[in-house]
Amino acid sequence: MKNFKLVIALIVVASLYSCNDKKTRQAQYMPDMYESIPYKTDGAKGLGGNPVNRKPVDGTLPRGGTPAYDIANTIEGYDEAKATLISPLEKNEKNLDNGKKMYTIYCVSCHGKKGDGNGYLSTSEKFAGIPNYKDRDITEGSIYHVLIHGKGVMGSHSSQLTYKERWQIIQYVEVLRADLLK
């Protein structure tokens, strides 16, 4: 009975409180959620004396981002990539297995299962002159450059493959090339 009287009293108080003037705000929970604190983001003092819109430090990557690839799509750029780029990935079975999967999806139709240039598009005479990995002087960097920019009839695969998948394919291509050179 005591709790019942308390509930009735709370209802009466809430009813009276809610009957106030509707045109003015009576109570506000967390007013900073409704009224923003204005400041000039590019102002001299910024927020709390610190400039707000500073440029990030050089070399900063967004979360999940990859380094920018700024080697030009030229013969000189190809030679630079061939001489300087190396894979940042650890050579292990996991990377190699995913490289094989990605190679099967994107590369087998032209380069063949063994990397000998005898894929479906070559054997059906859709394209001629698909290179054999054994006959080419290739490095990790040159393969990466070709995956990014394309070369000859081969188009760029930069939009289909993530940064990591490109390097995984390169690991698998190196294994295929080593098998062909035996």
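I began with burial over the whole protein chain, and of its 182 residues 25% count as buried. I note here that the model I am reading is a predicted one. I then listed the secondary structure and found seven helices and zero strands in the protein chain, which reads along the sequence as α-α-α-α-α-α-α. For the contacts, I took those between residues at least 6 apart in sequence and found that 57% of them join residues at least 24 apart.

**Helix H6**

I turned next to H6 and asked how many of its ten residues are buried. Nine of the ten are, so I recorded the helix as mostly covered. The buried residues are Glu140, Gly141, Ser142, Ile143, Tyr144, His145, Val146, Leu147 and Ile148, and the partners against which the buried residues of H6 pack are H2 and helix H7 (163-181). Just after H6 I came to Gly150, which takes a positive phi of about 80 degrees.

Within helix H6 I looked up Ser142, which counts as buried because its relative accessibility is 1%, against a cut-off of under 20%. Leaving aside residues up to four places away in sequence, I found that Ser142 touches Tyr78, Ala81 and Lys82. I also checked Ser142 against Ala83, and the two are 59 residues apart in sequence but 7.9 Å apart in space, C-alpha to C-alpha. Tyr78 came up again in another entry, since the charged end of Lys151 sits over the ring of Tyr78, 3.9 Å from its centre.

**Aromatic pairs**

I counted ring pairs in the model, and the count comes to five aromatic pairs. Why is the pair of Tyr69 and Tyr144 edge-to-face? The ring centres are 5.3 Å apart and the planes stand at 65 degrees, and planes over 60 degrees apart count as edge-to-face. This pair links distant parts of the chain, with Tyr69 in the loop between helix H1 (2-18) and helix H2 (75-84) and Tyr144 in helix H6 (residues 140-149), 75 residues apart. I compared the accessibility of the two partners: Tyr69 is partly exposed, with a relative accessible area of 22%, whereas Tyr144 counts as buried at 3%. Following the rings outward, I found that Tyr69, Tyr144, Tyr163 and Trp167 form one aromatic cluster.

**Helix packing on H7**

I then examined how H6 lies against H7, and the two pack at an angle of about 130 degrees with their axes 10 Å apart. They are therefore oblique to each other, and their crossing is right-handed. The contact is made on the H6 side by Glu140, Ile143, Tyr144, Leu147 and Ile148, and on the H7 side by Tyr163, Arg166, Trp167, Ile170, Val173 and Glu174. I noted that Tyr144, Tyr163 and Trp167, listed in this contact, are also among the members of the aromatic cluster.

My last entry concerns helix H3 (residues 93-106), which packs with H7 at an angle of about 90 degrees, the axes being 7 Å apart. H3 and H7 are therefore roughly perpendicular to each other. From H3 the contact takes in Asn95, Leu96, Asn98, Gly99, Lys100, Met102 and Tyr103, while H7 supplies Lys164, Glu165, Gln168, Ile169, Gln171, Tyr172, Val173, Val175 and Leu176. I marked Val173 of H7 in particular, as it is listed in the contact with H6 and also in the contact with H3.

Note on methods: Residues are numbered from 1 along each chain as its sequence is written. This is a predicted model: local features need pLDDT of at least 70, side-chain atom pairs count only at pLDDT 80 or more; totals for chains, interfaces and linings use all residues. Side-chain values use heavy atoms; hydrogens and water are left out. Rings of Phe, Tyr and Trp (its six-membered ring) pair if their centres lie within 6.5 Å; planes under 30 degrees apart count as stacked, over 60 as edge-to-face and the rest as tilted. Helices (H or I, at least four residues) and strands (E, at least two) are DSSP runs, numbered from the N terminus. Buried means under 20% relative accessible area, exposed over 50%, partly exposed in between (1.4 Å probe, protein chains only). A charge sits over a ring if NZ of Lys or CZ of Arg is within 6 Å of the ring centre and within 35 degrees of the ring normal. Contact means heavy atoms within 4.5 Å. Axes are lines fitted to C-alpha atoms, for helices over the stretch in contact, and angles run from 0 to 180 degrees between N-to-C directions. Angles under 35 degrees count as roughly parallel, over 145 as roughly antiparallel, 65 to 115 as roughly perpendicular and the rest as oblique. A crossing is left-handed if the near helix is turned anticlockwise from the far one by less than a right angle, and right-handed if clockwise.
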